[in-house]
Amino acid sequence: MKITKSKFEGIYWIENGKKKIATINLVPGYAPFGEQLIKMNDVEYRVWNPHRSKWAAAIMKGIKEFPLKKGDKVLYLGAASGQSASYISDIVGKDGKVFCVEIAPRVMRDLIFVAEKKENMIPILADATNPKEYEFVEKVDFIFQDVAMPNQAEILKRNSKFLKKNGHAMIAVKSRSVDVSAKPSEIFAKIEKSLKEKFEIIDKKRLEPYEMDHIVFLVRQKG
Amino acid sequence: MRRQRKKKQKKIEKEPVIIKVAPFGIFAFHKGKLVKKELWKEKDAAGNFFKRDEMLKEFKSKIPIRAKQEIETLFGPEIEKFAKKNGIKFNFQKFMIEFTKLKIKAGFSKDKLIIQSINMLEELNKVINILYEKLREWYGTYWPEKVEQVKTIEEFIRIVGMKREGQSMGFDFEEEDLEIVKSFGEELKSLLSLREKISHYIEKIMTETAPNLTKVAGPIIGAKLIAIAGGLDKLAKMPSSTIQVLGAEKALFRHIRRGTKPPKYGVLLSHDLMRKVKQKNRGKLARILASKISIATRVDYYSKGRDIIWKGLIEDINKKLEKLQ
Ligand SMILES: C[S@@+](CC[C@H](N)C(=O)[O-])C[C@H]1O[C@@H](n2cnc3c(N)ncnc32)[C@H](O)[C@@H]1O
């Protein structure tokens, strides 16, 4: 088995026949989602499954940048049970923070168990379409958004007040959450146009074969 | 007399008192000086902040200065620094975990138990049907003539496992072959009584939480509607046209995507009144039922199950039903 640094901070390639990506486990021994843990030279890596996380899928599909750094503050909209957010938490490390906004109490229940172990994850039971509910969140370096709602671009715009100058955002869009009858490519083009009003598009990646009819945009706040 | 004089002495200050509510306590400032504070233990912080309106009321009455009061809320990770400066032990992340737990707890209501129960009842029905079908086959290899006579599950559980009488074309079971069939029969019997129990339970909590919906839709259909909507609150906020087709989501998607015919009803098809009208009028009846169910649900939700209005609704339905027939 070979483990090498990827070109993105805090993300590693694990080669063992197949190529996988991984982060360094912030809480060694802890694998709340049944993910594979690999120990090498006293470092424990957590395998990041692209079938279970859209950000991992975007990386596997060769997204140009993943500008997340150690110590970053992150706003994560639609954190669900915290699966993807837990990898973001690994990357930003103990000096970083991940504000996890989620509207559904049932999945928030699971996220709380994860946050009790990962001390940089801050649970916020709130509605991402109404940022007033969590106005106390400080300025962040990065927003991840995966809320499976029809008005994704609008929601990101509303939340961009939390983003530092030149801050980045990554947003996952599922065409079927927007409109079940229209073509995915048309829906994605519309959202891209709307995003461009406020953001510069750095890259975009369709997520097939990991997720059907999904796209991820990486954007930067216009100065 | 004395009290009056005392009151006069305490003049009303022009400058307002600023009250700051933080997750670790309440502080009152006047002319920039701290005039009163109440600190909370770390383990009580989330609970006290959660009911801060109550805490504030008490705190306000104890402020020694008479003046207009202005309230500010201090919240967010930056107050960790404020706490540190003032020698208070406080961790924002831990606070948010406890605070979110309280929010989750407060968000539960009895309708969530209705959802769990009705989902369980549906699963139980599936299990019962499968076991019944398989066990009928199994016992039928031994005593086909008897099984042939038995038409309902209730009759079947009374005879399954019984020793054969008379001539039979069935296979001759040994003691142990019959014994295992008998055990399954007993389990099936206890599943039926479990079904009875959960049905009564659903009817009871439905009547308590949504009495009008229960009367108009029936306890089982009412519970199913709540489950599909995701809660009594969500059902109360749905337009009646949506309620009409709840349970027909697949057909609805097919309609939107491929332009097939839109569904006219979902779970409302199993409403008792549906059997009283012709096939072609079922869509109309579903619309009538949905509109009354919608009213019933709203009243149940907003009056917390206290206002009883179902009689009028059922009269309306019956009047309209007569015209359809
Ligand atoms: C596809 S899941 C997110 C999965 C998660 N990002 C992961 O990869 O682990 C979408 C989540 O968004 C949440 N959501 C939907 N609308 C929301 C809103 N308005 N505010 C906050 N969360 C919302 C849903 O409850 C759901 O948990």
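This report describes the interface between chain A and chain B in a predicted model, followed by one residue of chain A, Ser86(A).

**Interface**

Contact between the two chains involves 21 residues of chain A and 17 residues of chain B. Together the chains bury about 1,600 Å², and carbon and sulfur atoms give 71% of that area. Of the area that chain A buries against chain B, 36% is supplied by Leu125(A), Phe136(A) and Val180(A), more than by any other three residues.

Polar contact between chain A and chain B comes to six residue pairs, both residues being at pLDDT 80 or more. The rule finds one salt bridge across this interface. The salt bridge joins the side chains of Glu116(A) and Lys101(B), with an N to O distance of 2.7 Å.

Three elements of chain A each supply at least two residues of the side that touches chain B. They are listed here with their residue ranges.

| Element of chain A | Residues |
|---|---|
| Strand 7 | 97-102 |
| Helix 3 | 105-117 |
| Strand 8 | 121-125 |

Helix 3 of chain A gives the largest share of this side, six residues. By class, the side of chain A that touches chain B has twelve nonpolar, seven charged and two polar residues.

**Ser86(A)**

Ser86(A) lies in helix 2 of chain A, which spans residues 83-92. Is Ser86(A) buried or exposed? Its relative accessibility is 0%, so Ser86(A) counts as buried, the cut-off being under 20%. Leaving aside residues up to four places away in sequence, Ser86(A) touches Phe33(A), Arg46(A), Val114(A), Lys118(A) and Met121(A).

Terms used. Residues numbered from 1 in each chain as written. Chains lettered and ligands numbered in written order. Predicted model: local features only at pLDDT ≥ 70, side-chain atom pairs only at ≥ 80, totals over all residues. Heavy atoms only, no water. Contact = heavy atoms within 4.5 Å. Buried area = accessible area lost by both parts, 1.4 Å probe. Salt bridge = Lys/Arg side-chain N within 4 Å of Asp/Glu carboxyl O. Polar contact = N/O pair within 3.5 Å; in protein donor to acceptor, adjacent residues only side chain to side chain. Helix = DSSP H or I, 4+ residues; strand = E, 2+ residues; numbered from the N terminus. Nonpolar A, V, L, I, M, F, W, Y, C, P; charged D, E, K, R; others polar. Buried < 20%, exposed > 50% of the residue type's maximum accessible area, 1.4 Å probe, protein only.
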